[in-house]
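This report describes selected features of a single protein structure for readers working at the bench. The sequence and the model are shown first, and the description follows.

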Amino acid sequence: MKINVNRDLVPVFVLVPVFVLFIFSSLAYAKPIETIEWEDLSDIRDVSEQGRTALSFEPENWKHAETGHFVFHFTDPGTAETFYRQAEETYRWVQSILDIREDQWHNKAHIYVFEDAATWKKFKRIEAPALETADAYTTGKELFIRRSPAWLGAGKVLGHELTHVLLYRFVEGRVPLVLNEGFAEFIGYKAAARAVDGNEYRVRILRLLAPEAYVPLEKFLVTQSYPAGDKTLFYRQSELFVRYLILTYGKEKFHDLLTETARGGDFRNILIKIYQLDFPSLENGFKRFALRK
Ligand SMILES: [Zn+2]
């Protein structure tokens with residue numbers, strides 16, 4: 001599963017406070033990451049061909065570290081610190097929302113963090129030529145990501161991408177695209193908000209949908225591929241849909257929706273069964289939540 005990144009950016013007027021907070025939070029966690037020699041990593045056997053390609057570029061520059069659920073490959077220890085803190089936190093959020101009591105996977109997910117734009121480009125030309133403009137992509141088991149200097153910390157993009165990796169880990173089958181991207185955005189906003197004391201409204205000027213941009217659920221739910229051109233509205237409607245379901249009906253039902261739709265079956269029928277509503281009522285509720293007045 002290769003998934004592009006949404007480049008939905010935070011409004012400019014929050015950049016300064018976020019940046020200041022990021023600096024302070026970086027200082028607060030200034031403990032250097034403990035690097036590990038390649039041969040001492042616990043899960044080398046899980047490194048894919050793509051991973052080996054990544055590590056073949058200037059191999060002397062790559063360092064390695066690991067936490068409870070992730071193995072990190074990176075060239076800049078400062079960046080890696082941000083990543084390893086956020087990765088485990090995102091793991092806990094997703095685990096909690098999906099109420100995963102026992103992680104069936106005992107192996108760790110590998111994350112490759114590129115700093116150098118030219119190396120990232122070279123890597124993608126070999127392993128993911130279709131994703132020329134992407135700053136990250138995941139195969140489910142591994143995440144390849146370029147740390148863009150424009151990021152606010154590693155907030156939203158990393159939270160988003162890690163969520164794809166975690167859904168692959170926790171949910172068997174293929175999660176429908178709108179739920180996969182919507183949930184990744186939902187967690188991505190949560191990660192961005194963490195940098196401003198968890199207050200999402202400071203990073204998220206409530207972005208509702210214009211009524212003319214709304215795609216009726218009947219069509220929207222069965223979206224199989226990313227829309228051509230600007231994907232912003234697709235990501236926005238996906239996120240609003242997931243947000244609406246979780247905030248209105250709770251995380252348990254959302255978990256049921258993920259697991260049942262990932263097994264296949266008719267999305268619409270599964271929705272009606274889980275939420276105990278007829279389809280027009282569900283859609284009307286969502287429209288009241290998601291559309292600009
Ligand atoms: Zn995504």
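## A buried charged pair in helix H9

Arg243 is buried, and Glu239 is buried as well. The model in which they are found is a predicted one. The side chains of these two residues meet in a salt bridge, with an N to O distance of 2.7 Å. Both Arg243 and Glu239 belong to helix H9, which spans residues 232–249. They stand 4 residues apart, about one turn of the helix.

## Other salt bridges

Side chains of opposite charge can pair when their charged atoms come close. The count of salt bridges in this model is 7. One of them joins Glu185 to Lys156, where the closest N and O atoms are 3.2 Å apart. This pair connects distant parts of the chain: Glu185 is in helix H6 (residues 177–194) and Lys156 in helix H5 (residues 155–170), with their positions 29 residues apart in the numbering. Glu185 counts as buried because its relative accessibility is 1%, under the 20% limit. Lys156 has a relative accessibility of 10% and therefore also counts as buried.

Another salt bridge is formed by Asp99 and Arg101, whose closest N and O atoms lie 2.8 Å apart. Arg101 is exposed, with a relative accessible area of 72%. Asp99, at 38% relative accessibility, counts as partly exposed, because this value falls between the limits of 20% and 50%.

## The zinc site

Which protein atoms are the donors of the zinc ion? They are NE2 of His160, NE2 of His164 and two OE atoms of Glu181, at 2.0 to 2.8 Å from the ion. The donor residues follow the spacing H-x3-H-x16-E in sequence. His160 lies in helix H5 and Glu181 in helix H6, so the pair ties together parts of the chain that are 21 residues apart in sequence.

The angles among the 4 donor atoms range from 51 to 142°, and the site is irregular. It does not count as tetrahedral, because that would require all angles to lie between 85 and 135 degrees. His160 counts as buried, with 2% relative accessibility. Glu181 is likewise buried, its relative accessible area being 0%.

## His110 and its surroundings

His110 is part of strand E3, which covers residues 109–114. Is His110 buried or exposed? At 1% relative accessibility, His110 counts as buried. Its side chain makes a polar contact of 2.8 Å with the side chain of His73.

Apart from residues up to four places away in sequence, His110 touches Asp43, Asp46, Val47, Val71, His73, Lys141, Glu142 and Leu143. His73 thus appears both in this set of contacts and as the polar partner of the His110 side chain.

## Ile270 in helix H11

Ile270 is located in helix H11, which runs over residues 267–275. With a relative accessibility of 8%, Ile270 counts as buried. Beyond its neighbours within four places in sequence, Ile270 is in contact with Leu257, Glu260, Thr261, Gly264 and Gly265. For Glu260, the separation from Ile270 is 10 residues in sequence and 7.1 Å in space, taken from C-alpha to C-alpha.

## Positive phi angles in two loops

Most residues other than glycine have a negative phi. Asp99 has a phi near 50°, a positive value in a residue other than glycine. Asp99 is placed in the loop between helix H3 (77–97) and E3.

Gln276 also has a positive phi, near 55°. Gln276 lies in the loop between H11 and H12. At 65% relative accessibility, Gln276 counts as exposed, because the value is over 50%.

## Confidence of the model

The protein chain has a mean pLDDT of 84, and 83% of its residues reach 70 or more. Among the elements of the chain, helix H12 (residues 279–290) has the highest mean pLDDT, 97, and helix H1 (residues 15–28) the lowest, 40.

Where does pLDDT stay under 50? It does so over residues 1–30, for which the model has 64 contacts beyond four places in sequence.

Notes: Residues are numbered from 1 along each chain as its sequence is written. This is a predicted model: local features need pLDDT of at least 70, side-chain atom pairs count only at pLDDT 80 or more; totals for chains, interfaces and linings use all residues. Side-chain values use heavy atoms; hydrogens and water are left out. Buried means under 20% relative accessible area, exposed over 50%, partly exposed in between (1.4 Å probe, protein chains only). Contact means heavy atoms within 4.5 Å. A salt bridge is a side-chain nitrogen of Lys or Arg within 4 Å of a carboxyl oxygen of Asp or Glu. Donors are N, O and S atoms within 2.8 Å of the metal (3.2 Å for Na, K and Ca); water is not among the atoms, so sites may look incomplete. Four donors count as tetrahedral if all angles lie between 85 and 135 degrees; four count as square planar and six as octahedral if opposite donors are over 155 degrees apart and all others between 65 and 115; anything else is irregular. A polar contact is a pair of N or O atoms within 3.5 Å; within protein, one must be able to donate a hydrogen and the other to accept it, and residues adjacent in sequence count only if both atoms are side-chain atoms. pLDDT is the predictor's confidence in each residue, from 0 to 100.
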